[in-house]
Amino acid sequence: MILKFILFLIIINIYLYFIIKRKFLKKNEFKIINKKCKIKLKKIGNNKKVIEIHDFFKLINGVTEFFYLNKYNLKVPTESMYPGSRFNIHNKIENEILNFMLLINKKYFKFKGEIYEYSCVYSVPDFNENKFCLLNSIPHRDNDIYRQGLAITIYLCNENPNYGGTIIYDFKNNNDYETVNSILNDKKSKKKKFDINVTNKFFKIIHNAELKFNKAVIYPMFYWHNINILPKNFNHNKNRLTITAFLTFENYLENDKMFYENYKILESKYYL
């Protein structure tokens, strides 16, 4: 009797999960994004969490074809330390991704405030070995860390031994904050060679989001992270096409108790 009751509760919970998920996505009329995409919340330690989503786009062929047919007209200049090129995206794709990120924030992260800034681009890390520098090898944040915000990376490429997905890091020791910050603010770091040993010395991996075609990863912008490309593969990553979007809210992280407990606020001129 008890086993039947437990089985009944499990079935009810599964049913409610899919009903809630369907209503969650149905509120917005997504035409490009897949309403039936598989959303997974992953807790990765130290009060951190990421969202991984499989089968993200319904019209995936249209999303990739738009880039390859128009990329020579879409390239945009960038002052960030991203080790490659970025390209404008169709406004319909851009708007759907924004609405999806707002829904994810409301359900899972609950950052407050009006939208301060939003950008969405295609990204290709097409720098050759000579263009990579020390700053490219160090994990980074996607904003100045004073504002709450989310980043999304959508992989539009197949698995490849030359490159992977996105790695999220944490510091090995609290004292390493200041050391890494001094490296990021040192103008000479732009002229120094890529050195993966710097990452290995100061950071530990807390999550490796594996690369899969049509998969998305969403995480707070102040998480330290980097693309998963080894130095020997610099010249083989031109097919690592992704969409990256950044959504920043007006509220400041310095008002967030959890942020104070787990991070020190650092000044940094360089972010991706």
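**Stop 1: a cluster of rings**

Select Phe30, Phe56, Phe57 and Phe100 in this predicted model, and show their side chains. Ring pairs link Phe30, Phe56, Phe57 and Phe100 into a cluster. A search of the whole structure turns up 13 aromatic pairs, and one of them joins Phe56 to Phe57. How are the rings of Phe56 and Phe57 placed in their pair? They are edge-to-face, with 4.9 Å from centre to centre and 80 degrees between the planes. Those two values are what you need here, because a pair of aromatic rings is described by the distance of the centres and the angle of the planes.

Now switch on the surface. Is Phe56 buried or exposed? Phe56 has 0% relative accessibility, so it counts as buried. Phe57 is buried as well, because its relative accessibility is 3% and the cut-off for buried is under 20%.

**Stop 2: the cores**

Keep Phe57 selected and add Ile97, Phe100, Tyr122 and Ile243. These five residues touch the most other members of the largest nonpolar core, which has 56 residues. To see where that core comes from, colour the elements that give it two or more residues: among them are strand E1 (38–45), strand E2 (48–54), helix H2 (60–74), helix H3 (91–109) and strand E5 (115–124). Which element gives the most to this core? The answer is H3, with nine residues.

Next, select Leu135, Tyr177, Val180 and Val198. These belong to another core, of 16 residues, which lies apart from the largest one.

**Stop 3: one face of a helix**

Tyr177 and Val180 are also on the list for the next stop, helix H5, so select residues 176–184. Which residues of H5 are buried? They are Asp176, Tyr177, Val180, Asn181, Ile183 and Leu184. Turn the view until you look down the axis of H5. The buried residues of H5 fall within an arc of 160 degrees, so they line one face of the helix.

**Stop 4: an open sheet of three strands**

Show the cartoon and find strands E8, E7 and E10. They form an open sheet in the order E8-E7-E10, with antiparallel pairing. On what do such pairings rest? Strands of a sheet pair through backbone hydrogen bonds, either parallel or antiparallel. Strand E8 (203–209) and strand E10 (224–227) stand at the edges with a single partner strand each, so one side of each has no neighbour in the sheet. Look along the sheet and you can see its neighbouring strands turned against each other, by 30 degrees on average when direction is ignored.

Zoom in on strand E7, residues 166–171. How many bridges join E7 to E8? There are six, while four bridges join E7 to E10. You can find some of the facing residues yourself:

- Thr166 stands opposite Ala209 in E8.
- Tyr169 stands opposite Trp224 in E10.
- Ile167 has Asn226 in E10 as its bridge partner.

Now show the side chains of E7. In a regular strand the side chains alternate between the two faces of the sheet. In E7, Thr166, Ile168 and Asp170 point one way, and Ile167, Tyr169 and Phe171 point the other way. Six of the six residues of E7 are buried.

**Stop 5: two positive phi angles**

Most residues other than glycine have a negative phi. Select Asp55 and Asn214 to see two residues with a positive value. Asp55 is in the loop between E2 and H2, and its phi is near 55 degrees. Asn214 is in the loop between E8 and E9, and its phi is about 65 degrees. Which of the two is buried? Asn214 is buried, with a relative accessible area of 6%, whereas Asp55 is partly exposed at 37%.

**Stop 6: a cysteine in a loop**

Select Cys157, in the loop between E6 and E7. Cys157 is buried, with a relative accessible area of 4%. Then add Thr64, which is 93 residues away from Cys157 along the chain. How far apart are the C-alpha atoms of Cys157 and Thr64? They are separated by 9.2 Å.

**Last stop: charges over rings**

Finish with two lysines. Select Lys49 and Phe109: Lys49 lies over the face of Phe109, 5.5 Å from the ring centre. Then select Lys107 and Tyr108: the charged end of Lys107 sits over the ring of Tyr108, at 5.6 Å from its centre.

Conventions
Residues are numbered from 1 along each chain as its sequence is written. This is a predicted model: local features need pLDDT of at least 70, side-chain atom pairs count only at pLDDT 80 or more; totals for chains, interfaces and linings use all residues. Side-chain values use heavy atoms; hydrogens and water are left out. Rings of Phe, Tyr and Trp (its six-membered ring) pair if their centres lie within 6.5 Å; planes under 30 degrees apart count as stacked, over 60 as edge-to-face and the rest as tilted. Buried means under 20% relative accessible area, exposed over 50%, partly exposed in between (1.4 Å probe, protein chains only). A charge sits over a ring if NZ of Lys or CZ of Arg is within 6 Å of the ring centre and within 35 degrees of the ring normal. The arc is that of the directions from the helix axis to the C-beta atoms. A nonpolar core is a set of buried Ala, Val, Leu, Ile, Met, Phe, Trp, Tyr and Cys residues joined through side-chain atoms within 4.5 Å. Two strands pair if DSSP finds at least two bridges between them. Axes are lines fitted to C-alpha atoms, for helices over the stretch in contact, and angles run from 0 to 180 degrees between N-to-C directions.
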